[in-house]
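Grab a coffee and work through a few short exercises on this protein. Each one sets a task and then walks through the solution.

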Amino acid sequence: MNDTAIDRVAAIDYAAVFQSLPGVVALLTPDLVYADVNEEYLRVAGRRREQMVGRHLFEVFPDNPNDPGASGVRNLEASLRRVLATGERDAMALQRYDVQDPERPGEWDERYWSPVNAPVLGPDGSVVLVVHRVEEVTELIRARGARGAGGPGSRTRVLEAELYTRARELQEVNERLRQSHARERQVALALQEAMLPARRQVGHHHAAVRYRPAVGSLNVCGDWYDLVDLVGGDRIGVSVGDVVGHGLEAAGVMGQLRSALSAASRVAEGPAEALNVLGRYAHVVDGAESATAVTTFIDFDRHTITYSSAGHPPPALVHPGGRVEFLDRATDPPLDARPSPVPRPQECAAYDHGATLVLYTDGLVERRQEDIDTGLQRLAEALARHRDADPEALADSVLLELLPPGGATDDTALVVVRL
């Protein structure tokens with residue numbers, strides 16, 4: 001775009017554009033108060049600007065008190081709340097929403113609408129306004145109902161009434177489905193919280209652990225972490241993993257894999273052997289296909305980290321001077337990816353006192369339409385910038401900087417260990 005075109009864009013009066021839009025459009029605050037309405041909205045609503053701007057949506061347009069089955073307010077508010085909660089557009093089914101005649105209080109007009117609600121996001125990703133666009137279809141409904149012999153009892157009118165009834169039923173089914181997903185999400189999160197280790201002290205070593213569920217009811221409860229004491233010297237095992245899937249099924253598989261790796265790590269000679277055992281176990285667990293995991297054995301006496309990865313993003317070793325080294329020299333396919341088990345690779349890295357080891361799941365670094373290396377670089381820069389912070393503060397800073405403001409679409413597990 002050349003300078004002249006940029007100047008033209010900068011000179012556009014977007015307030016005038018909004019008022020001139022041919023559609024029926026209003027802007028609502030997160031409190032559902034009218035922030036602005038365009039001229040077409042005023043014309044269709046039969047109101048003046050001062051009767052609407054600054055007033056609550058449902059104060060201006062309440063339900064028809066003469067209709068016991070009126071559901072316009074309930075349905076519209078549910079849609080608007082979804083937009084505010086998710087930051088995503090929500091198209092509603094055909095709605096009957098009667099409107100009171102402003103010139104004749106107490107008299108209500110039967111009206112039909114097709115609404116769409118969309119978010120306006122602020123710099124931090126939060127919803128600052130909701131665009132409420134409606135298309136009135138009252139005349140279409142009436143015209144179709146009037147066509148054909150028989151008047152209101154005609155086949156056309158009956159079909160139109162059937163269409164409206166089915167649209168309302170579909171919206172109610174969708175709402176029940178959303179509620180069901182929300183309940184499953186709550187149960188799955190509670191199950192996961194119960195299965196993940198709450199203690200952050202392993203031996204006399206402190207580790208910061210974090211889990212952030214995904215936004216929405218899907219893509220949640222597949223990530224896990226584990227910290228165990230190892231026999232033979234001052235050693236601990238630290239692992240993270242990710243199960244493909246979501247909800248209760250993923251939470252159940254996660255619990256089985258975490259427990260199996262925790263047990264294997266206590267008796268295995270090294271992390272590769274622990275993952276070998278886990279891979280054999282994953283082969284007989286439904287839902288464990290393509291799960292990933294990485295495990296590290298930290299030896300505080302020798303200042304070494306032995307590690308092995310089954311298709312998982314590499315741990316990050318933050319050296320005291322700020323250099324970030326990704327431990328990626330022992331990466332193998334995910335669990336149960338091969339028809340026949342093959343011994344997994346294992347490598348060892350040295351560290352100096354004061355270094356930091358960070359394990360995480362892909363929700364922290366992966367973004368749609370972005371190369372994984374970009375996310376890893378973003379993580380490395382954040383870790384180097386906050387390397388002097390204690391593990392708890394470091395974990396919080398990394399999550400704050402790397403996760404999207406409105407929340408990620410995949411859950412995230414993070415473990416930070418000061419070495």
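**Exercise 1. Start at Glu 136: classify its exposure, find its salt-bridge partner and say what the pair links.**

Step 1. Glu 136 has a relative accessible area of 31%, so it's partly exposed. Keep in mind that we're working with a predicted model here.

Step 2. Now look for the partner. Glu 136 makes a salt bridge with Arg 111, and the closest N and O atoms sit 2.5 Å apart.

Step 3. Where do the two residues sit? Glu 136 is in strand S8 (residues 127-136), while Arg 111 is in the loop between strand S6 (108-109) and strand S7 (112-121), so this salt bridge ties together parts that are 25 residues apart in sequence.

Step 4. Check Arg 111 as well. Its relative accessibility is 11%, and because the cut-off for buried is under 20%, Arg 111 counts as buried.

**Exercise 2. Find a salt-bridge network, then put it in context.**

Step 1. Look for salt bridges that share partners: Asp 36, Glu 39 and Arg 49 are joined that way into one network.

Step 2. For context, the count for the model comes to 17 salt bridges.

**Exercise 3. Compare two further salt bridges, Glu 40 with Arg 43 and Arg 48 with Glu 50.**

Step 1. Take Glu 40 and Arg 43. Their closest N and O atoms are 2.6 Å apart.

Step 2. Place them on the fold. Both lie in helix H3 (residues 39-45), three residues apart, which is about one turn of the helix.

Step 3. Sort them by exposure. Glu 40 is partly exposed at 22% relative accessible area, whereas Arg 43 is exposed at 57%.

Step 4. Do the same for the other pair. Arg 48 and Glu 50 form a salt bridge with closest N and O atoms 3.0 Å apart. Arg 48 comes out as partly exposed, at 46%, and Glu 50 as exposed, at 56%.

**Exercise 4. Track down the aromatic pair and decide on its geometry.**

Step 1. How many aromatic pairs are there by this rule? The count comes to one.

Step 2. The partners are Tyr 34 and Tyr 41, with ring centres 5.9 Å apart and 70 degrees between the planes. Planes over 60 degrees apart count as edge-to-face, and that's the label for Tyr 34 and Tyr 41.

Step 3. Are these rings' residues buried or exposed? Tyr 34 is buried, with a relative accessible area of 1%, and Tyr 41 is buried too, at 6%.

**Exercise 5. Find a nonpolar patch on the surface and look at one of its members.**

Step 1. Ile 12, Tyr 14, Val 17 and Leu 21 make up a nonpolar surface patch, and together they offer about 350 Å² of accessible area.

Step 2. Zoom in on Val 17. This residue belongs to helix H2 (residues 14-20).

Step 3. With a relative accessible area of 40%, Val 17 is partly exposed.

**Exercise 6. Zoom out and sketch the whole chain.**

Step 1. Tally the secondary structure: the protein chain has 11 helices and 20 strands.

Step 2. Ask how much is hidden. Of the 419 residues in the chain, 45% are buried.

Step 3. Turn to the outside. The chain exposes about 20,800 Å², with 52% of that supplied by carbon and sulfur atoms.

Step 4. Finish with contacts. Among those between residues at least 6 apart in sequence, 61% join residues at least 24 apart.

Note on methods:
Residues are numbered from 1 along each chain as its sequence is written. This is a predicted model: local features need pLDDT of at least 70, side-chain atom pairs count only at pLDDT 80 or more; totals for chains, interfaces and linings use all residues. Side-chain values use heavy atoms; hydrogens and water are left out. Rings of Phe, Tyr and Trp (its six-membered ring) pair if their centres lie within 6.5 Å; planes under 30 degrees apart count as stacked, over 60 as edge-to-face and the rest as tilted. Buried means under 20% relative accessible area, exposed over 50%, partly exposed in between (1.4 Å probe, protein chains only). A salt bridge is a side-chain nitrogen of Lys or Arg within 4 Å of a carboxyl oxygen of Asp or Glu. Helices (H or I, at least four residues) and strands (E, at least two) are DSSP runs, numbered from the N terminus. Patches are made of residues with over 30% relative accessible area and no salt bridge: like charges are joined within 9 Å, nonpolar side chains (Val, Leu, Ile, Met, Phe, Trp, Tyr) within 5 Å. Accessible areas come from the Shrake-Rupley method with a 1.4 Å probe; for residues, only the protein chains shown count as cover. Contact means heavy atoms within 4.5 Å.
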